[in-house]
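Hello,

Here is the structure I promised to pass on. Have a look at it first, and then read my notes below.

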Amino acid sequence: MDNFVYNIPTIAYFGKGQINVLGETIKTHDGSKVLLAYGGGSIKRNGIYDATLEQLRKADLEHVELSGIKPNPRIESVQEGINLYRENNCDFILAVGGGSTLDACKAIAAGVKYDGPVTDLFVNESGVSDIAAAAPLATILTMAGTGSELDMGAVITVGEDHKKKVLMHPLLNPKFSILDPEYTYTVPEHHSMAGVADILCHLMEQYFTPEVHNTKVQDRMNEGVMKVVIEDAPKILADPQDYDARANIMWASSMALAGFQFMLGKPGFPFPLHGMGHELSSMYDMTHGHTLALLTPSWMRYTLLTAPEHLPVFARFARNVMDVQEADDAKAAEAGIKKLEVFYASIKMPASLRDADVKQEDLEVMAEKAVERGNLGILTSIGKEDALQIMEDAF
Ligand code: NZQ
Ligand code: ZN
């Protein structure tokens, strides 16, 4: 196991009614005028907007609003938020929504403290953003999936070709996040299940690394969280107001990327499925979780084919996570992938890129763009031709 530093500076207020801490906790961070940011208006329909305003009023906090942040958030919303924050002399940012709203707010938090264009703050070659200061940010999570509520990353869509670019810096960790599972009751089935696929993928991206790292604590904990996600997602499908299932999925979302805890002690930061999946969102504005579910089984089979020395990790996943009972490693690994496909189908993920209305002639461009900053992956190095093979297989 490599050396590591573990630090989750975000305080999580988890459970029913935790919004009651909002006003006073903003004040402990010297907030007096809040930039309140949200998406397309779901929070106005489900009561979260009113509950938030009531808390701000009770604490005598002024606020200005940034609304209309779209899924796969655009840099234009970030710039609008930076302007609003500055023009109104805000001193605190409150993001109320899913990952898209949270990510836009993280970029705003960094942007308001930087004199140049916010696009300078995307990650550099070493995978970190050059950020010297950020405004204080808190989140009220309304949808489980991305883990943005407890991590230091943000993904923003930029330019004519809708390229998804990343900001990553410890200063982007929210000061605190309010995680009330009841707030996720109204998330439509499509987004609830895409969130599940996203959580599972975050866990798998950190799990499928070379065995030699000997990170047993991280990997066994990771397996436990993956099993819970697979067990509880169908309960949400059956009853969107199943509190315990919503709670487990919400906490799994937060834990999956908190301090990147399941990558600790391992070198690098692979996330190849995200590298390829973002290109599907760029070209088709596809829901993030769907992109990952579509590519994962093909990526697994391709990895086994090109780097068979990693078979034991796939066999372990099959046995410990997918409950495969099979002594032979190769057979176990394949059975694990098949069971994963059955799970994706059960949570209504599209079955293939073709089913998701992707055009086969676009695959090459997407494969090329996925690796434009370098090859992806750690088990096997994915260049353009490899990415294309994986996408062709997923087609
Ligand atoms: O915009 P509103 O009206 O709020 O509606 C949203 C949106 O349409 C709706 N929604 C959210 N909470 C709701 C609700 N509808 C009813 N009731 C509620 N309680 O759900 C839709 C999707 O929201 P969005 O925020 O886009 O979803 P998600 O949380 O999946 O975020 C996706 C974004 O996060 C990025 C993705 O790339 C994508 O841009 N990611 C961020 C990461 C991070 N910061 O660490 C890591 C991830 O891998 C991911 O890349
Ligand atoms: Zn993700």
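**Helix 10 and its surroundings**

In helix 10, a kink of about 35 degrees lies at Thr 296, shortly before the proline Pro 297; the bend is the angle between axes fitted to the seven residues ending there and the seven starting there. Please note that this is a predicted model, in which local features need pLDDT of at least 70, side-chain atom pairs count only at pLDDT 80 or more, and totals for chains, interfaces and linings use all residues. Residues are numbered from 1 along each chain as its sequence is written, chains are lettered from A and ligands numbered from 1 in the order in which they are written, and side-chain values use heavy atoms, leaving out hydrogens and water.

Helices here are DSSP runs (H or I, at least four residues), numbered from the N terminus. Of the 19 residues of helix 10, 16 are buried, meaning under 20% relative accessible area with a 1.4 Å probe, protein chains only.

Now to the metal. Asp 198 (OD), His 202 (NE2), His 274 (NE2) and His 288 (NE2) coordinate the zinc ion (ligand 2) at 2.0 to 2.1 Å. Donors are N, O and S atoms within 2.8 Å of the metal (3.2 Å for Na, K and Ca); water is not among the atoms, so sites may look incomplete. Along the chain, the donors follow the spacing D-x3-H-x71-H-x13-H. Asp 198 sits in helix 6 (residues 189–207) and His 288 in helix 10, so the pair ties together parts that are 90 residues apart in sequence. Asp 198 is buried, at 3% relative accessible area, and His 288 also counts as buried, at 15%.

Best wishes

Terms used
Helices (H or I, at least four residues) and strands (E, at least two) are DSSP runs, numbered from the N terminus. Buried means under 20% relative accessible area, exposed over 50%, partly exposed in between (1.4 Å probe, protein chains only).
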